Amino acid sequence: MATSKYRNQPINSADLNLELGAMTEYPTDPNEEVVMSIRNLNVGFTTRGKKTHVLRDINLDIYKGKTLAIVGESGSGKSVFTKTFTGMLDSNGFISSGSIMFDGQDIAKLTSHKEWQPIRGKKIATIFQDPMTSLNPLLTIGYQISEVLILHRGMSKEEAKKEAISLLERVKIPNAAQRYDDYPFQFSGGMRQRAVIAIALACKPEILICDEPTTALDVTVQSQIIDLIKDLQKEYGWTTIFITHDLGVVANIADNVAVMYGGQIVEYGTIEDVFYHPEHPYTWALLCSLPQLGTKDEPLSYIKGNPPSFGSEIIGDAFAPRNEYAMNIDFVKEPPAFKVSETHWAKTWLLSPYAPKVEKPKVIQELHERMKIAAKELARQEGDEYAEETKVGE
């Protein structure tokens, strides 16, 4: 458990109106079109006859044409959350309450494969972390793309093959016509991920979920895949939901960021809100852990302890045992969401009007300057690499 100098503060007094200043409803950006709205979503799993609650009271609006990044450590509930958008929870998973409004219907109420078929893949598509889990190793790449086009868009075999080759070209597979008959094992990791993106593109979805699509790839290929997704989003106008634990990736792709911990969204805002004005101690900890924001005279920062187990009831703030800013109330009462601005809110008692003023970590205080330095260093490295490539080309 983290040691906190803010314990024994009077904020847990029974005489105080602890909900003072808390949000009564979650704000929607009036300048954006909502493509999906999630309200009071709770999800659990049944294991050995016991029900375990994993996602707890999630509220979120997803905007058309924008990129939402969902960030947090492994086990925070990111993938489980987005699986509810396509009905892909494990067989023992269930939505216990709440709604997911999409395309005029509450898809949280859908239960059968027949009900999900017009949505899954066709309107909401997913790119997974390991492309080999999405590709059948016994079927050619071209066949797998054509199959989607025939099933969802009613094309003939000839039309589907022509469109599949066009899609392979769109995702920048060289010699697409020749590679159409290749099997997944004949593609590199980056090319397999491009093929999976081509399959997702086949139905022209409204929402594309990218579940850590670059984790299994080397840094150079990661950058190429991210750039490809961004370029295709501009071309097709879809909404992107990008799941990652790497805040460095988020800075390059996101319009809005939802920080998840313990099965909840603990902070939400625009990329500028979350990166330059973070309010939740967990968000501080994630940012402080970015190596590129460190300096040579500082030890590498990390988050002590382990994420909470969903096997037992979470009391209070799930992050409290690892939080050096935790107060007594954090261990007994879950914090509500406090509004920071029209686009920014966080679930932390530190935003209560009764909370003591805290001194944020040094990295957070110097965040603007450190990010400028990190950006200059990245530009210098990319410039050096470009210069070396040019020299070799000569």
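Biologist: Which residue in strand 8 stands opposite Ala 69?

Modeller: This is a predicted model, in which local features need pLDDT of at least 70 and side-chain atom pairs count only at pLDDT 80 or more, while totals for chains, interfaces and linings use all residues. Residues are numbered from 1 along each chain as its sequence is written, and side-chain values use heavy atoms, with hydrogens and water left out. Strand 3 and strand 8 (residues 239-244) run parallel and are joined by five bridges; strands (E, at least two residues) and helices (H or I, at least four) are DSSP runs numbered from the N terminus, and two strands pair if DSSP finds at least two bridges between them. Opposite Ala 69 in strand 8 stands Phe 242.

Biologist: What is the bridge partner of Ala 69 in strand 9?

Modeller: Strand 3 is joined to strand 9 (residues 256-261) by four bridges, and these two strands run parallel. In strand 9, the bridge partner of Ala 69 is Val 257.

Biologist: Which residues of strand 3 are buried on the side that holds Leu 68?

Modeller: Strand 3 (residues 67-71) is mostly covered, with five of its five residues buried, where buried means under 20% relative accessible area, exposed over 50% and partly exposed in between, for a 1.4 Å probe and protein chains only. Both faces are covered, with Thr 67, Ala 69 and Val 71 buried on one side. On the other side the buried residues are Leu 68 and Ile 70.

Biologist: In what order do the four strands of the open sheet lie?

Modeller: Strand 1 (residues 34-47) and strand 4 (residues 93-102) run antiparallel and are joined by eight bridges, with Ser 37 standing opposite Met 101 of strand 4. The pairing in this open sheet is antiparallel, and its strands take the order 2-1-4-5. Its edge strands, each pairing on one side only, are strand 2 (50-63) and strand 5 (105-106), which fits the order 2-1-4-5.

Biologist: Which helix gives the most residues to the largest nonpolar core?

Modeller: A nonpolar core is a set of buried Ala, Val, Leu, Ile, Met, Phe, Trp, Tyr and Cys residues joined through side-chain atoms within 4.5 Å, and in the largest one, of 116 residues, Met 36, Ile 38, Phe 81 and Phe 85 touch the most other members. Leaving out residues up to four places away in sequence, Phe 81 touches Ile 38, Leu 41, Leu 55, Ile 58, Leu 60, Ile 70 and Met 260, contact being heavy atoms within 4.5 Å. With eight residues, the element that gives the most to this core is helix 6.

Biologist: How far apart are the end C-alpha atoms of helix 3?

Modeller: The buried residues of helix 3, among them Ile 145, Val 148 and Leu 149, pack against helix 4 and helix 6 (189-201), and just after helix 3 Gly 154 takes a positive phi of about 65°. The expected span of a helix is 1.5 Å times one less than its number of residues, so the 13 residues of helix 3 (residues 141-153) should span 18 Å. The model agrees, because its end C-alpha atoms are separated by 18 Å.

Biologist: How many salt bridges does a search of the whole structure find?

Modeller: A salt bridge is a side-chain nitrogen of Lys or Arg within 4 Å of a carboxyl oxygen of Asp or Glu; one of them joins Arg 179 and Asp 182 at 2.3 Å, N to O, and both of these residues are buried. Lys 339 and Glu 342 meet at 2.9 Å, with Lys 339 partly exposed at 42% relative accessibility and Glu 342 exposed at 57%. Arg 56, Glu 334 and Lys 347 are linked in a network of salt bridges. For the whole structure, the number of salt bridges found is 13.

Biologist: Which residue meets Glu 235 in a salt bridge?

Modeller: Glu 235, in helix 7 (residues 219-236), is partly exposed, with a relative accessible area of 47%. Its partner is partly exposed, at 36%. The side chains meet at 2.8 Å, N to O, and the residue paired with Glu 235 is Arg 170.

Biologist: To how many disulfides does the count come?

Modeller: A disulfide is a pair of cysteine sulfur atoms within 2.5 Å. The sulfur of Cys 203, a buried residue with a relative accessible area of 10%, is 15 Å from the closest cysteine sulfur, in Cys 210, and is therefore too far for a bond. By this rule the count of disulfides is zero.
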